[in-house]
There are 2 protein chains.
Amino acid sequence: MTLQTPQRRTKRDVLTEFRHAEILAAARGVFAEKGFAGASVDDIAQAAGVAKGTIYLYYPSKREIYFAALREGLTALAVKTEARVAGAETLYDQIRAYVETKLRYFDENRDFFKIYFAELGNMVTQHETRDSGFEQIYLDQVALLENAVRQGGGRGETRDLPARSVAFAIANLTRGAVTQRLVGWTEGSIEREVELLVDLAWKGISSQ
Amino acid sequence: MTLQTPQRRTKRDVLTEFRHAEILAAARGVFAEKGFAGASVDDIAQAAGVAKGTIYLYYPSKREIYFAALREGLTALAVKTEARVAGAETLYDQIRAYVETKLRYFDENRDFFKIYFAELGNMVTQHETRDSGFEQIYLDQVALLENAVRQGGGRGETRDLPARSVAFAIANLTRGAVTQRLVGWTEGSIEREVELLVDLAWKGISSQ
DNA sequence: TGAGTTACTGACCGCTCGGTCAGTTGAATG
DNA sequence: CATTCAACTGACCGAGCGGTCAGTAACTCA
């Protein structure tokens, strides 16, 4: 039933992929600087070094470019986080893996974090965002922590606490720390900050 | 040097004040629902039951209405928080006062919180916001906690920790909790949530 | 009652911007 | 070298919106 499709990527495929990436990278920078409303498609086109019409050969609308940038960054981060957390044994190490991965990733992808954080703000008002899968990705990340906490609790590593609330708390601590760094309210090294956050969280939840 | 100003408020003053409040209340609802970019001045006028021109008799621009709504809510909350925290003796009670005041206020003023939270998102990208006093109000609130933590530490109530980071952490926990409630990810009572948050924070920082 | 004054109205203006499409370019092909 | 065609361009269109202002309503006061 499936149609025969060419096995090798044609030159055209490569070019298409390249343009997609090129436009997306340009868009990320523009959206990070000006926000969704403040960014014009012309801005993005100029940043990408193409004409506006070309943008629409690769993306159907401004919103779709925005979502694509968001999706790309979110899934990459989710994959990384899940891998790191899965590679940790104890709850303490899992929390540490979570916090450290997020902090480092966002620190290395500041433009993406700006878009992400601004979009969180919109999620509260604009329902469009909530319906487009991002809410799920976010909740999945929380669930990752939640499961770790629940299992750690089962092993007696923590005192008796609602795992979901604890997971949210850790996520909030982490996101806040990233934000503070981004706007320049934090100066210390990432290592020290991870240390402090994990220490606070761990003392807060551990059984001893 | 000061000019002679009328002692009693004239009828005109009362009307002016009334219109300002009326428009601001309408604007708060519209901004909360649609966000700054999505809200049109016509929307606000309609919600306030006046013509668009009337809006401009009381506010010079759409942005100013937005800032006025933000400023009003922020200062009211800041006043409340400072009073409650000042009325608490121990660090534990101060943290509790802080968390509880914020949670209750935002729960009772959801429209305001939506505007506030969306604006936080913008603050990361749009520098205009950072330059207009809101950043200072925010940092003052953190400083309130920071001082409490520092003094509590001096009294030996906490272990040795960087007060500023702890203050940010508590602020992040609190704001996150409010957000979770707003989007419907939390179902329990506010009392229980305050209990949990303060408990987590306290266990995280206390000397024992 | 009518003249003067203040509050209010909403049609209108200018401009921005998302999206389109007729036309151009240049590489591939024979 | 001629032909073809996919990729690309940017002038253009129409909608939406912030802000204005000439006109109207309503109120005051002599």
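**Exercise 1. Determine which helices of the two chains supply at least two residues each to the surface near DNA strand D, and characterise that surface.**

Solution. In this predicted model, the elements that each give at least two residues to the surface near DNA strand D are helix 1 (11-38) and helix 3 (52-58) of chain A, together with helix 2 (41-48) and helix 3 (52-58) of chain B. Here a residue is near a strand if its C-beta atom, placed from the backbone, lies within 6 Å of it, and helices (H or I, at least four residues) and strands (E, at least two) are DSSP runs numbered from the N terminus. The largest share, 4 residues, comes from helix 3 of chain A. Of the 16 residues around DNA strand D, those that come nearest are A:Ala51, A:Gly53, A:Thr54, B:Ser40 and B:Gly53. By class, the surface near DNA strand D divides into 5 nonpolar, 5 polar and 6 charged residues, where Ala, Val, Leu, Ile, Met, Phe, Trp, Tyr, Cys and Pro count as nonpolar, Asp, Glu, Lys and Arg as charged, and the others, Gly among them, as polar.

Residues are numbered from 1 along each chain as its sequence is written, while chains are lettered from A and ligands numbered from 1 in the order in which they are written. Since the model is predicted, local features need pLDDT of at least 70 and side-chain atom pairs count only at pLDDT 80 or more, whereas totals for chains, interfaces and linings use all residues.

**Exercise 2. Carry out the analysis for DNA strand C, stating which residues come nearest.**

Solution. Of the 16 residues around DNA strand C, the nearest are A:Ser40, A:Gly53, B:Val50, B:Ala51 and B:Gly53. Two or more residues of this surface come from each of helix 2 (41-48) and helix 3 of chain A, and from each of helix 1 (11-38) and helix 3 of chain B. Helix 3 of chain B gives the most, with 4 residues, and the classes of the surface near DNA strand C are 5 nonpolar, 5 polar and 6 charged.

**Exercise 3. Find the rotation and shift that superpose chain B on chain A, and describe the contact between the chains.**

Solution. A least-squares superposition on the C-alpha atoms of residues with pLDDT of at least 70 in both copies gives a rotation of 180° with 0.0 Å of shift along its axis, at an RMSD of 0.0 Å. That is the relation of a two-fold axis. In chain B, the residue closest to the rotation axis is B:Gly204, with its C-alpha at 2.0 Å. The contact, which pairs residues whose C-beta atoms, placed from the backbone, lie within 7 Å, takes 30 residues from chain B and 30 residues from chain A. On the side of chain B that touches chain A, helix 9 of chain B gives the most, with 9 residues, and that side has 15 nonpolar, 11 polar and 4 charged residues. Because 100% of the interface residues of chain B are also interface residues in chain A, the copies meet through the same surface.

**Exercise 4. State how many helices and strands chain A has, and compare the reach of its helix 4 with the expected span.**

Solution. Chain A comes to 10 helices and 0 strands. Helix 4 (residues 62-86) has 25 residues and reaches 36 Å from its first C-alpha to its last, close to the 36 Å expected at 1.5 Å a residue, the expected span being 1.5 Å times one less than the number of residues.

Methods. Contact = placed C-beta atoms within 7 Å.
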